[in-house]
Amino acid sequence: MKRVAKFEKVSLEQLREAWTDTFGPAEEGTVEEIYQKIRLPRRATAGSAGYDFFAPVSFTLNPGETIKIPTGIRAWMEPGWVLKCYPRSGLGFKYRLQLNNTVGIIDSDYYDSDNEGHIFSRITNDSNEGKTVEIRGGEGFMQGIFVEYGITLDDEATEIRNGGFGSTTQQAE
């Protein structure tokens, strides 16, 4: 097995900013308490490919509802690797829980972005059977798999990332 990455928490300040942007102002001490309870992703067994991401707080999603979750996690990776994020397979199978971008792609240079490479997850309960999803704080809800990738022989990309979602397709003027 190649060891190519490391998970870390973002700073408390970054989590506070992301939490406020997502959920509005929190009561004094709430974000600090959430921060202290954040668990780094881990594999459940030696044969697991996916690293389970754990919910920072409990949440409930009725059919058709969506939530954006600031995980409080960032991932440093060797160049040439990407982290692909998916819902945990059991949640997808039982509830049709889906990531809104189908597969989250975390590039290695996202780590150095202004937001510290903070990984977010926007998920939807797409149940057509009326099932409600309940995730407890600390429970796995998403999994990430590190994948090596290649580039074309004539690739000459030299731009440096500074941003999150969709930032790599925006041209500087």
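This report describes one helix and its surroundings, two loop residues, and three further residues in a predicted model.

## Helix H2 and its two sides

Helix H2 runs over residues 30-37, and within this helix Val31, Ile34 and Tyr35 are buried. These buried residues lie on the same side of H2, because they cover an arc of only 100° around the axis. On the other side of the helix, Gln36 and Lys37 are exposed.

What, then, covers the buried residues of H2? The cover includes strand E1, which spans residues 5-9, together with helix H1, which spans residues 12-23.

## How H1 and H2 meet

The axes of H1 and H2 come within 10 Å, and they cross at roughly 120°. An angle of 65 to 115 degrees would count as roughly perpendicular and one over 145 as roughly antiparallel, and H1 and H2 are therefore oblique to each other. The crossing in which H1 passes H2 is right-handed.

On the side of H1, the contact is made by Leu12, Leu15, Arg16 and Trp19, while H2 contributes Val31, Glu32, Ile34 and Tyr35. When these residues are sorted by class, the contact of H1 with H2 has 6 nonpolar residues, no polar residues and 2 charged residues.

## Two residues of helix H1

Arg16 lies in helix H1, and with a relative accessibility of 30% this residue counts as partly exposed. If residues up to four places away in sequence are not counted, Arg16 touches Val31 and Glu32, and both of these partners appear among the H2 residues that make the contact with H1. Arg16 and Asn162, by comparison, are 146 residues apart in sequence and 20 Å apart in space, taken from C-alpha to C-alpha.

Gln14 is also found in helix H1. Is Gln14 buried or exposed? With a relative accessible area of 7%, Gln14 is buried, since buried means under 20% relative accessible area. Again not counting residues up to four places away in sequence, Gln14 touches Asn115, Glu116 and His118.

## Val82 in strand E6

Val82 is found in strand E6, which covers residues 81-87, and at 9% relative accessibility this residue counts as buried. Which residues is Val82 in contact with, leaving aside its neighbours within four places in sequence? They are Met77, Ile105, Ile106, Asp107, Ile145, Phe146, Val147 and Tyr149.

One of these partners, Tyr149, shows how a separation along the chain can be set beside a distance in space. Val82 and Tyr149 are 67 residues apart in sequence, and their C-alpha atoms are 7.3 Å apart in space.

## Two loop residues with positive phi

Arg96 has a positive phi of about 60°, although it is not a glycine. This residue is found in the loop between helix H3, residues 89-95, and strand E7, residues 97-99. Arg96 is partly exposed, with a relative accessible area of 37%, a value that falls between the limits of 20% for buried and 50% for exposed.

Thr102 is likewise not a glycine, and its phi is positive at about 65°. The place of Thr102 is in the loop between E7 and strand E8, the latter made of residues 104-107. At 60% relative accessibility, Thr102 counts as exposed, because exposed means over 50%.

Conventions
Residues are numbered from 1 along each chain as its sequence is written. This is a predicted model: local features need pLDDT of at least 70, side-chain atom pairs count only at pLDDT 80 or more; totals for chains, interfaces and linings use all residues. Side-chain values use heavy atoms; hydrogens and water are left out. Buried means under 20% relative accessible area, exposed over 50%, partly exposed in between (1.4 Å probe, protein chains only). Helices (H or I, at least four residues) and strands (E, at least two) are DSSP runs, numbered from the N terminus. The arc is that of the directions from the helix axis to the C-beta atoms. Contact means heavy atoms within 4.5 Å. Axes are lines fitted to C-alpha atoms, for helices over the stretch in contact, and angles run from 0 to 180 degrees between N-to-C directions. Angles under 35 degrees count as roughly parallel, over 145 as roughly antiparallel, 65 to 115 as roughly perpendicular and the rest as oblique. A crossing is left-handed if the near helix is turned anticlockwise from the far one by less than a right angle, and right-handed if clockwise. Ala, Val, Leu, Ile, Met, Phe, Trp, Tyr, Cys and Pro count as nonpolar, Asp, Glu, Lys and Arg as charged, and the others, Gly among them, as polar.
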